Amino acid sequence: MTDDPRDDLDLRSLRELPLITPRAGRNQRVRSRCHEVLARRRWLSAVTAQVLGVVRDQRTRRRPHPAAVPQE
Amino acid sequence: MDRESELTLVSRLRAADTAAFDEVYAAFNARLFNFLARLSGSREAAEDLLEETWLRFVRQAHRLRPDTRLAPWLFTVARNLHVSYRRSRVLEDSHAAGLMGLWPSGSPVPSPFESTAADETGRRLEEALGALPVTSREALLLVAVEGQSPSEAARVCGISPEAMRQRLSRARAMLAKKLDAGNEPLLKVLKEVTP
């Protein structure tokens, strides 16, 4: 057998099996749940970025600028 | 889906982009459902497993590697969930008698599946597939129905490409034997369902 499944006549015949479709109502519910998870992730990323930004600002403010350090 | 579009989608998914998810969902939902339905032999089980596959996908989306290939990722998760489902239920290896579970119930008009499954050849092929051991069934579904290469299917199933080739070879022989168990010779059946 080669690596290409299309070379195999027996296997190719299975591609003709009909498509079974999931129920529409169930699909809609799953998509909504996934959208909620993604929305939560976006919110979390935004909050994390804000918190990190604040922390970075505080650190920058605490550390004196190199030019402000008196030279001997 | 070409590779460039796939990489762009992955990048957007890493940023939790809902529209990107919808595109992936549209491209893979029916394919994953068919895989799970034929693997489990149950519409209800397939719907539950499909839901869990998508939820895992979105929960992990921000951790996807930038070069992730979506099809193997999704089919690996779906397949592993089915393995866990079988372990939890201690299910029998084949589901020949459970074929009817895939059919939508109470539908006023026959679905494409019902119409085609009513066809003798399609019914026999479906039954023969359902009667195979689950490892053979998943190999055939991934390679023959999904069009993955044996190497890709091997990665999904967590086995070596050589082991997958052997599994496929055995599966094909078993499928032929089951189809031949009917009255019609296998080749005639295959000609009928091959374009």
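Is B:Arg124 buried or exposed? In this predicted model, B:Arg124 has a relative accessible area of 12% and is therefore buried, since the cut-off for a buried residue is under 20%. The residue sits in helix H6 of chain B, which covers residues 120–130. From there, the B:Arg124 side chain comes to 2.4 Å from the backbone oxygen of B:Leu179. A pair of C-alpha positions helps to place B:Arg124 within the chain: B:Leu74 is 50 residues away in sequence and 29 Å away in space.

With that residue as a starting point, the setting can be described chain by chain. Chain B has 195 residues, of which 49% count as buried. Its secondary structure consists of 10 helices and zero strands, so that reading from the N terminus gives α-α-α-α-α-α-α-α-α-α. Among the contacts in chain B with a separation of 6 or more, 66% join residues 24 or more positions apart. The exposed surface of chain B is about 8,900 Å², with 53% of that area supplied by carbon and sulfur atoms.

Chain A has 72 residues, and buried residues make up 22% of them. Two helices and zero strands form the secondary structure of chain A. About 5,600 Å² of chain A is accessible, and carbon and sulfur atoms hold 53% of this surface.

Helix H7 of chain B, residues 134–145, deserves a visit next, and B:Glu138 is found there. The helix is mostly covered, as 10 of its 12 residues are buried. Buried residues of H7(B) include B:Val134, B:Ser136 and B:Arg137, followed by B:Glu138 itself. The run of buried residues goes on with B:Ala139, B:Leu140, B:Leu141, B:Leu142, B:Val143 and B:Ala144. For B:Glu138, the relative accessibility is 2%, which is why this residue counts as buried. Apart from residues up to four places away in sequence, B:Glu138 touches B:Phe35, B:Leu39, B:Arg79, B:Cys157 and B:Arg167. Just after H7(B), the backbone of B:Gly147 adopts a positive phi of about 75 degrees.

Contacts between the two chains come into view at B:Asn34. This residue lies in helix H2 of chain B, residues 18–40. Once neighbours within four places in sequence are set aside, B:Asn34 is in contact with A:Pro18, A:Leu19 and A:Ile20. B:Asn34 counts as buried because its relative accessibility is 5%, where the limit is under 20%.

Helix H2 also takes part in the largest pocket. This pocket has a volume of about 310 Å³. Its lining comprises 15 residues, and those closest to the centre are B:Glu6, B:Arg31, B:Ala71, B:Pro72 and B:Glu152. Three helices of chain B, namely H1 (3–14), H2 and H4 (70–89), each contribute at least two residues to the lining of the largest pocket. Sorted by class, that lining holds seven charged, six nonpolar and two polar residues.

Definitions and conventions: Residues are numbered from 1 along each chain as its sequence is written. Chains are lettered from A and ligands numbered from 1 in the order in which they are written. This is a predicted model: local features need pLDDT of at least 70, side-chain atom pairs count only at pLDDT 80 or more; totals for chains, interfaces and linings use all residues. Side-chain values use heavy atoms; hydrogens and water are left out. Helices (H or I, at least four residues) and strands (E, at least two) are DSSP runs, numbered from the N terminus. Buried means under 20% relative accessible area, exposed over 50%, partly exposed in between (1.4 Å probe, protein chains only). Contact means heavy atoms within 4.5 Å. Accessible areas come from the Shrake-Rupley method with a 1.4 Å probe; for residues, only the protein chains shown count as cover. On a 1 Å grid over the protein atoms alone, a cavity is a set of points where a 1.4 Å probe fits but cannot get out, and a pocket is an open set with protein on both sides within 12 Å along at least five of seven lines; lining residues have an atom within 4 Å of a point. Grid points are joined across faces, edges and corners, and a volume is the space filled by probe spheres set on the points. Ala, Val, Leu, Ile, Met, Phe, Trp, Tyr, Cys and Pro count as nonpolar, Asp, Glu, Lys and Arg as charged, and the others, Gly among them, as polar. A polar contact is a pair of N or O atoms within 3.5 Å; within protein, one must be able to donate a hydrogen and the other to accept it, and residues adjacent in sequence count only if both atoms are side-chain atoms.
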